[in-house]
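Trainee: Please take a close look at one part of this model and explain it in connected form. I am new to the structure, so please also relate that part to what lies elsewhere in the model.

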Amino acid sequence: MSLTTAPPILEVRGIGKSYGSIIALSDVSTSVNVGEVVCVLGDNGAGKSTFIKILAGAHDYSSGELFLYGQPKRFTSPRDALDSGIATVYQDLAVVALMPVWRNFFLGSELSTAGGPFARLRVKEMKAVTTSELQKMGIDLRDVDQPIGTLSGGERQSVAIARAVYFGAKAVILDEPTSALGVKQAGVVLRYVARARDQGLGVVFITHNPHHAYPVGDKFLLLKRGTSLGQFTKSEISIAELTGLMAGGAELEALAHELER
Amino acid sequence: MTTATAAPPAKDERVATTHPLVLLLRRPEVGALVAALGIFAYFSLTTTSFLSAAGAATWLYSASLFGIMAVAVAMLMIGGEFDLSAGAMTGTTGLLVGAFTTQWGMNIVLAMAIALAVALAVGAFNGIVVIKTGLPSFIVTLGTFFILQGVNLAGTKLVTGQVAIQGMSAVPGFDAVRVYFGSSIPLLGMNLKVSVLWWIAITAVATWILLRTRFGNWIFAVGGQQQSARQTGVPVLRTKIGLFMGTAGAGWLVGMLSLFDVATVQATTGIGQEFIYIICAVVGGCLLSGGFGSAIGAALGALIYGMTLQGIVFAQWDNNWLKAFLGGMLLLAVLVNLYVRRQAGVRE
């Protein structure tokens, strides 16, 4: 594979962000390649949200560098990031619960016979595309006409990702996609993340759950109090070590000791 | 949190199964259709005049005026907003045309065009204020409703010294325009008012827009989850302003239809009817919270209202029963809606 020679889709070097005198993030480096899953792990307040907003183009960065396919880049807006192929799937998913799956899939980018709001929708085509795109990702819906609210949380998450992929994303940033889900539903999403990876997408997977991150991740970036605790490949770290690092191993041991009776 | 795993284990987790009854109930207009058939059958069997040609023409006419408004109001409600000024607008537009033509001798077509422009401007104003300020449309249009009501009464008195404008039939060109707004067409022995055709056409166009155009998709989206709609690039402001202009435009049409039917317009025309439009829309399956409903349902809601309004007269009941019936229908419809949303709606 020539993956090693091609520049990564997205790379940050020593990136940081401060709001006035508050340093929200400093000196974080990582990269996401084609067909790679980078997991960003951290507890609450670790700087995950700031990191995501920089990658998504919602915030500018105040130090360090960001490269898109090896070229230095500053996103001016989320739209700019999206047009560059970086799609972010937020926790609220941007779906309308009462609307059919296929209408949600194409919402805001509907296919119609001509321009303008009153042109006829190409309904059959949109339904067919939705069905096949979801099938590609292993979501087998009998009826794309059902309201998306009737799908499970994991399926809805998967539809939102599939939508980003279909509309040209090269890398997807997933903001805590499994945090509100039960074990089984989280499994649906993780399987889906793996499929997206297999299709050649770069995935940035933000989570606070090492048990969700470890099975799909290739690289693990640990954040704590706004800075990086280091980046590890899967071979370098075990799930136990990952969990320990995340929770702040020594602190956890001290806590366990303190609570012991 | 973890309740998502509580799904029955026998079910394939990737495939959401849907009960056939829920599939049927997912059509917003089903409840209204059943009710309309029931009411039609009841009055047809218990009164002699209901099914007669003259009787049917009467309740169809009545239903058509409410129906045109209910369809426009339903589209707005699907878009997540209310318009309480819609009723008074039917009076305002009629009064404007009446005053322009009978008092100042303006050309009737020009007067109608100006009245339409005024209506659309008020609609756009409602929409811009609601979206730009984030205030509930209920309050904003309540304000415009009272303004229109006051202007209608005070303005009419100021111009004519009376509370009505009369003598429209003497205006040059009245009969030519009347063909489109106030004539009758013989059909199946009925003297069918042309407004019924307008009603059917408006319902068909609204249904087409809602289900088969991008604009329709946006209406459901802005009403269902505005934030999501915005995130996916739906033009929220334009969509909502368009809908408010739609109800105002429908108000103009109904204003014209009643003006050309009787050649007279009362200063109080349309006042108190704004809630009837909303009730018709809700009976037809619109959710008060937006994002769900249908134009056909609203048209059926208006048909129910029109049939009951005239049916009670034919049955020689005290017509105050109408209000009680209307309230009962509304409650029933809201309960059905609640059930539908629980079944087909949001899981969380």
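Mentor: The answer below begins with chain B as a whole, looks closely at one helix and its surroundings, and then turns to chain A.

The model is predicted, and what follows should be read in that light. Chain B contains 14 helices and four strands. It has 348 residues, and 52% of them count as buried. Its accessible surface amounts to about 15200 Å², with 69% of that area belonging to carbon and sulfur atoms. The contacts within chain B also deserve notice: among those between residues at least 6 apart in sequence, 77% join residues at least 24 apart.

The part chosen for close study is helix α6 of chain B, which spans residues 137–160. Thr141(B) belongs to this helix. Is Thr141(B) buried or exposed? Thr141(B) is buried, because its relative accessible area is 0% and the term applies to anything under 20%. Its surroundings can be listed by name. Once neighbours within four places in sequence are set aside, Thr141(B) touches Phe82(B), Asp83(B), Leu84(B), Ser85(B), Asn126(B) and Phe244(B). One of these residues, Leu84(B), also takes part in a polar approach: its backbone nitrogen is 3.0 Å from a polar atom of the Thr141(B) side chain.

The same helix also takes part in a surface feature. Phe138(B), Ile139(B), Leu142(B), Phe146(B) and Phe275(B) make up a nonpolar patch of about 460 Å² on the surface. Helix α6(B) is the element that gives the most to this patch, supplying four residues. Ile139(B), a member of the patch, has its place in α6(B). The helix thus holds the buried Thr141(B) and also contributes residues to a nonpolar surface patch.

Another threonine offers a comparison. Thr133(B) lies in helix α5 of chain B, which covers residues 108–133. With a relative accessibility of 46%, Thr133(B) counts as partly exposed, because that value falls between the limits of 20% and 50%. Its side chain reaches the backbone oxygen of Val129(B) at 2.5 Å. A polar atom of that side chain is also 3.1 Å from the backbone nitrogen of Leu135(B). Thr133(B) can be placed against a further residue as well: Thr203(B) is 70 residues away in sequence, and the two C-alpha atoms are 31 Å apart in space.

In chain A, attention turns to strand β1, made of residues 10–19. Seven of its ten residues are buried, so that the strand is mostly covered. Strand β1(A) pairs with two other strands. One is strand β2, residues 22–32, which is joined to β1(A) in the antiparallel sense over seven bridges; in this pairing Ile15(A) has Val28(A) as its bridge partner. The link between β1(A) and β2(A) is a hairpin with two residues between the strands, and Gly20(A) in the turn has a positive phi of about 60°. The other partner is strand β4, residues 63–68, which runs antiparallel to β1(A) and is joined to it by five bridges. Here Arg13(A) stands opposite Glu65(A).

Charged pairs complete the picture. Side chains of opposite charge can pair when their charged atoms come close. Over all chains, eleven salt bridges are found. Among them is the pair of Glu176(A) and Lys48(A), whose closest N and O atoms are 3.6 Å apart. Glu176(A) is in the loop between β7 (171–175) and α6 (183–198) of chain A, while Lys48(A) is in helix α1 (residues 48–56) of that chain, so the pair ties together parts that are 128 residues apart in sequence. Both Glu176(A) and Lys48(A) are buried.

Asp80(A) and Lys73(A) form another salt bridge, with their closest N and O atoms 3.8 Å apart. Asp80(A) counts as buried because its relative accessibility is 17%, whereas Lys73(A), at 25%, is partly exposed. Arg197(A) and Asp198(A) also meet through their side chains in a salt bridge, at 3.2 Å from N to O. Arg197(A) is partly exposed at 21% relative accessibility, and Asp198(A) is exposed, with a relative accessible area of 58%.

Note on methods
Residues are numbered from 1 along each chain as its sequence is written. Chains are lettered from A and ligands numbered from 1 in the order in which they are written. This is a predicted model: local features need pLDDT of at least 70, side-chain atom pairs count only at pLDDT 80 or more; totals for chains, interfaces and linings use all residues. Side-chain values use heavy atoms; hydrogens and water are left out. Buried means under 20% relative accessible area, exposed over 50%, partly exposed in between (1.4 Å probe, protein chains only). Two strands pair if DSSP finds at least two bridges between them. A polar contact is a pair of N or O atoms within 3.5 Å; within protein, one must be able to donate a hydrogen and the other to accept it, and residues adjacent in sequence count only if both atoms are side-chain atoms. Contact means heavy atoms within 4.5 Å. Patches are made of residues with over 30% relative accessible area and no salt bridge: like charges are joined within 9 Å, nonpolar side chains (Val, Leu, Ile, Met, Phe, Trp, Tyr) within 5 Å. Accessible areas come from the Shrake-Rupley method with a 1.4 Å probe; for residues, only the protein chains shown count as cover. A salt bridge is a side-chain nitrogen of Lys or Arg within 4 Å of a carboxyl oxygen of Asp or Glu.
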